[in-house]
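Here is a friendly briefing to read with the structure open beside you. Take the topics in any order that suits your bench work.

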Amino acid sequence: MTPDVTAGDGGTGRRPRAVFYTLGCKANLYDTACMMNRLRDAGWEVATPTHDRSGAARARGKAGTRKPSVDLFVINSCAVTARAESKSRQLARSLKRRHPGALVALVGCYSEINREQAAQAAGVDFVLGTADREALPELVAGRGLAASPGEERIPGAFAAERTRAAVKVQDGCEQFCSYCVIPYARGPCRSRPAEDVLDEVSRLVKEGFREVVLTGIHLGRWGSGASWGAGKVPGAGETSGPRLADLVRRVAAVPGLARVRLSSIEPMEITDELLDLIGGDPRVCRHLHVPLQSGSDRVLERMNRGYTAVEYLAVVDRANRAIPGLGLTTDVMVGFPGEEEDDFEATLDVVRRARFSRLHVFRYSRRPNTAAADMPGQVSAGTKKARSERVIALGRELALRFHQGLIGRKLEVLVEKVSAGRAEGLTDNYARAVFAAKGSCPNDIVPVRVVRATASGISGEIAG
Ligand code: SF4
């Protein structure tokens with residue numbers, strides 16, 4: 001049911017106000033930013049987004065509680081796990097209960113692949129998928145929510161945070177890992193032309209951003225598939241030929257940009273050219289996020305991941321040799337159907353040998369219409385929980401070891417916030433760092449000598 005909404009100007013002189021929540025990956029965060037900016041362009045007031053990579057968006061986000069006169073809540077959903085889907089529904093229900101006069105829109109991957117269920121969820125007024133989410137301003141205008149157009153915005157920029165911006169350069173996936181719904185939700189690979197990307201990065205630099213993170217659903221496939229946006233991608237219409245290194249090189253050279261970072265990249269798409277670039281150009285962050293998922297060949301094959309544990313470790317070895325000080329992060333999935341204790345031990349073994357600096361651990365979640373959903377040997381919730389706790393504990397050990405290895409080094413920290421005299425930010429190799437600010441401000445890049453380490457990060461002093 002659509003509630004009665006008197007927004008727009010509504011006779012009050014105020015602009016209609018929207019609050020966004022994002023669940024899931026960086027690509028989703030980028031899509032949220034695009035929707036936010038489209039609404040801003042249409043004259044809306046839009047609050048800073050709330051994001052949780054684990055899919056656990058907070059229903060009591062500060063934007064939602066401090067601004068009772070919200071007219072529209074937009075939940076950009078994730079479909080990677082059943083839990084992420086259920087979080088979106090819970091969030092919609094909770095928002096509608098607390099703001100009965102506001103519209104609640106459920107958009108993104110979950111509503112793309114399960115539109116009927118999403119539309120029927122309590123509290124949801126309307127749904128948009130991944131293909132039609134751009135129609136949000138027109139759709140809400142049709143429901144009595146309209147405002148005067150505002151100034152033009154950069155598609156993916158987060159106006160409230162001018163340190164690091166995600167720039168989506170690729171969308172879609174054709175890998176069809178047997179557990180994953182994303183290819184159904186996002187469709188085939190598409191690449192954004194380099195000129196279009198460079199134009200956005202230049203505009204972000206002018207806005208004050210120091211670092212950009214190139215994101216995509218299947219980032220290593222940039223340069224292949226169809227193109228979107230202005231211009232043509234070099235490999236448009238082709239299905240192979242990763243050219244990501246070319247793009248990274250050109251982005252790094254954008255005048256005024258301090259850093260470029262890559263988001264997740266599949267192991268078999270990491271070329272020597274890319275590694276040499278990361279290792280040799282200080283503007284390219286020494287950080288790779290390379291999903292492992294499992295260390296068992298049997299499980300990897302059933303997952304349709306396209307590599308073996310040995311091949312994965314060979315990539316890690318090449319990367320570590322090419323990039324001294326590399327921060328290597330990964331995703332690990334536990335409890336895939338048929339995962340036996342020895343498969344799980346193999347995963348622990350690969351995780352130890354790869355010496356990751358940080359892990360994201362997921363419990364397998366049965367997704368309808370995927371190949372794995374019907375596989376025999378579904379693992380019990382208790383076993384998944386126990387295994388995930390063991391990998392998380394190992395991850396904390398490895399993180400501590402990585403951070404300890406940085407003690408005594410001088411690292412550049414991009415400051416994200418300063419509070420009570422303490423500055424906090426990220427190093428290029430993805431360590432969270434704190435230090436006495438001594439006049440440093442958000443967006444400064446400050447050389448810091450590392451003094452202490454914990455599993456969560458490092459602390460140090462400004463280096464002379
Ligand atoms: S590579 Fe696999 S896990 Fe990643 S989006 Fe594609 S199908 Fe899903």
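What follows is a short tour of aromatic contacts, a strand pairing and a few individual residues.

Please keep in mind that this is a predicted model. A search of the whole structure finds six aromatic pairs, and two of them are described below, F176 with Y184 and F336 with Y364.

**An aromatic pair at the surface**

- In the pair formed by F176 and Y184, the ring centres are 5.4 Å apart and the planes meet at 70 degrees, so the arrangement is edge-to-face, the class for planes over 60 degrees apart.
- F176 sits in the loop that runs between β8 (170–171) and α7 (182–186).
- With a relative accessible area of 36%, F176 is partly exposed, because that class lies between the 20% limit for buried and the 50% limit for exposed.
- Y184 is also classed as partly exposed, at 44% relative accessibility.
- Together with I113, the residues F176 and Y184 make up a nonpolar patch on the surface, and the three share about 260 Å² of accessible area.

**An aromatic pair in the interior**

- Are F336 and Y364 buried or exposed? F336 is buried at 0% relative accessibility, and Y364 is buried with a relative accessible area of 3%.
- Both values fall under 20%, so both residues meet the cut-off for buried.
- The rings of F336 and Y364 pair edge-to-face, with 5.5 Å from centre to centre and 75 degrees between the planes.
- This pair links distant parts of the chain, since its two members are 28 residues apart.
- F336 belongs to the loop between β15 (327–334) and α13 (341–354), while Y364 belongs to the loop between β16 (358–363) and α14 (381–404).
- Y179 joins F336 and Y364 in one aromatic cluster.

**The strands beside that pair in sequence**

- How do β15 and β16 pair, and over how many bridges? They pair in the parallel sense, over six bridges.
- To get from β15 to β16 the chain passes through α13, and this β-α-β crossover is right-handed.
- For a look at one position in this pairing, find M333: its bridge partner in β16 is F362.
- As background, side chains in a regular strand alternate between the two faces of the sheet.

**Two asparagines with positive phi**

- Most residues other than glycine have a negative phi.
- N304 has a positive phi, near 65 degrees, although this residue is not glycine.
- You will find N304 in the loop between α11 (297–303) and α12 (309–322), where its 36% relative accessibility makes it partly exposed.
- N443 also has a positive phi, in this case near 90 degrees.
- N443 lies in the loop between β19 (432–436) and β20 (445–453).
- Which accessibility class does N443 fall into? At 16% relative accessible area, N443 is buried, because the limit for that class is under 20%.

**A contact across the sequence**

- L406 is placed in the loop between α14 and β17 (410–419).
- Its relative accessibility is 2%, so L406 counts as buried.
- L406 and R452 are 46 residues apart in sequence, yet the distance between their C-alpha atoms is 8.8 Å.

Definitions and conventions:
Residues numbered from 1 in each chain as written. Predicted model: local features only at pLDDT ≥ 70, side-chain atom pairs only at ≥ 80, totals over all residues. Heavy atoms only, no water. Patch = residues over 30% accessible without salt bridge, like charges linked within 9 Å, V, L, I, M, F, W, Y side chains within 5 Å. Areas by Shrake-Rupley, 256 points an atom, 1.4 Å probe, with all protein chains shown as cover. Salt bridge = Lys/Arg side-chain N within 4 Å of Asp/Glu carboxyl O. Helix = DSSP H or I, 4+ residues; strand = E, 2+ residues; numbered from the N terminus. Phe/Tyr/Trp six-rings, centres within 6.5 Å; stacked < 30°, edge-to-face > 60°. Buried < 20%, exposed > 50% of the residue type's maximum accessible area, 1.4 Å probe, protein only. Pairing = 2+ DSSP bridges. Right-handed = clockwise from strand over helix to strand, strands pointing away.
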